[in-house]
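Thank you all for coming; I would like to spend a few minutes on the aromatic rings in this model and then turn to a single histidine. Please have the structure open while I talk.

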Amino acid sequence: MDQPDYPNQSLLAIAPDDHWQGAIDAPTTLIEYGDYQCPYCAEVHKMIKTIQHRLNHQLCFVFRHFPQRQFHFQAQKAAEAAEAAATQGQFWQMHNLLFERQRFLNDGNLLEYASELGLDLNQFLRAIAEHQYADRVAQDIYSGNQCGVTSTPALFINRNRYNDAWEVERLTTAIQNREM
């Protein structure tokens, strides 16, 4: 695990706009900068769910958007869809669907997922059509850029970049060794 080499570590503190799971005062905070269309992020999503189940209250997990629009043409819209769902109290449910069905992220699919979650479809469609949450996604991208993120997935454990193998056991060990 490398020490951070970016100027503003405060960007890796949990912010009021962040989406997080677990106890906010957990000994370990894991922040992911992710892209809903990135196949590696989908694998890390599965790993994190396993680790959350194992570590329970010892981990606070934060997800931040970092769509790689130059490679993943539907990632920005998927991130905005997650934010639109968040305003209706369904961020994590949409987050999970987007990763589980990441091959299907066109407009029709996003509307189908919103319907499946019981969202107000008019509100959801308006948010997507008007890009109401593009600035919110841009905030995450900005903080990621300031922290040296250039690709996804990017993980930080208690403000330190995780650069080891993408394996459940290795990531679990790194998380447990970073409890402070």
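Let me begin with a group of three residues, because Tyr33, Phe66 and Phe156 form one aromatic cluster under the rule that ring centres pair within 6.5 Å. I should say at once that this is a predicted model, and that everything I quote is computed from it.

By that pairing rule, the count comes to 8 aromatic pairs. Taking one of them, the rings of Tyr33 and Phe156 have their centres 6.0 Å apart and their planes at 80 degrees, so this pair is classed as edge-to-face. Tyr33 belongs to strand β2, residues 28–34, while Phe156 belongs to strand β4, residues 154–157, so the pair ties together parts that are 123 residues apart in sequence. As for their surroundings, both Tyr33 and Phe156 are buried.

A further pair is Phe63 with Phe99, whose ring centres lie 6.0 Å apart with planes at 85 degrees, so this pair too is edge-to-face. It links distant parts of the chain, with Phe63 in strand β3, residues 59–65, and Phe99 in helix α3, residues 91–100, the two being 36 residues apart. Phe63 and Phe99 are both buried.

Now to the histidine. His72 sits in the loop between β3 and α2, the latter covering residues 75–86. Is His72 buried or exposed? Its relative accessible area is 15%, which is under the 20% cut-off, so His72 counts as buried. Leaving aside residues up to four places away in sequence, His72 touches Asp35, Gln37, Cys38 and Pro39.

Key:
Residues are numbered from 1 along each chain as its sequence is written. This is a predicted model: local features need pLDDT of at least 70, side-chain atom pairs count only at pLDDT 80 or more; totals for chains, interfaces and linings use all residues. Side-chain values use heavy atoms; hydrogens and water are left out. Rings of Phe, Tyr and Trp (its six-membered ring) pair if their centres lie within 6.5 Å; planes under 30 degrees apart count as stacked, over 60 as edge-to-face and the rest as tilted. Helices (H or I, at least four residues) and strands (E, at least two) are DSSP runs, numbered from the N terminus. Buried means under 20% relative accessible area, exposed over 50%, partly exposed in between (1.4 Å probe, protein chains only). Contact means heavy atoms within 4.5 Å.
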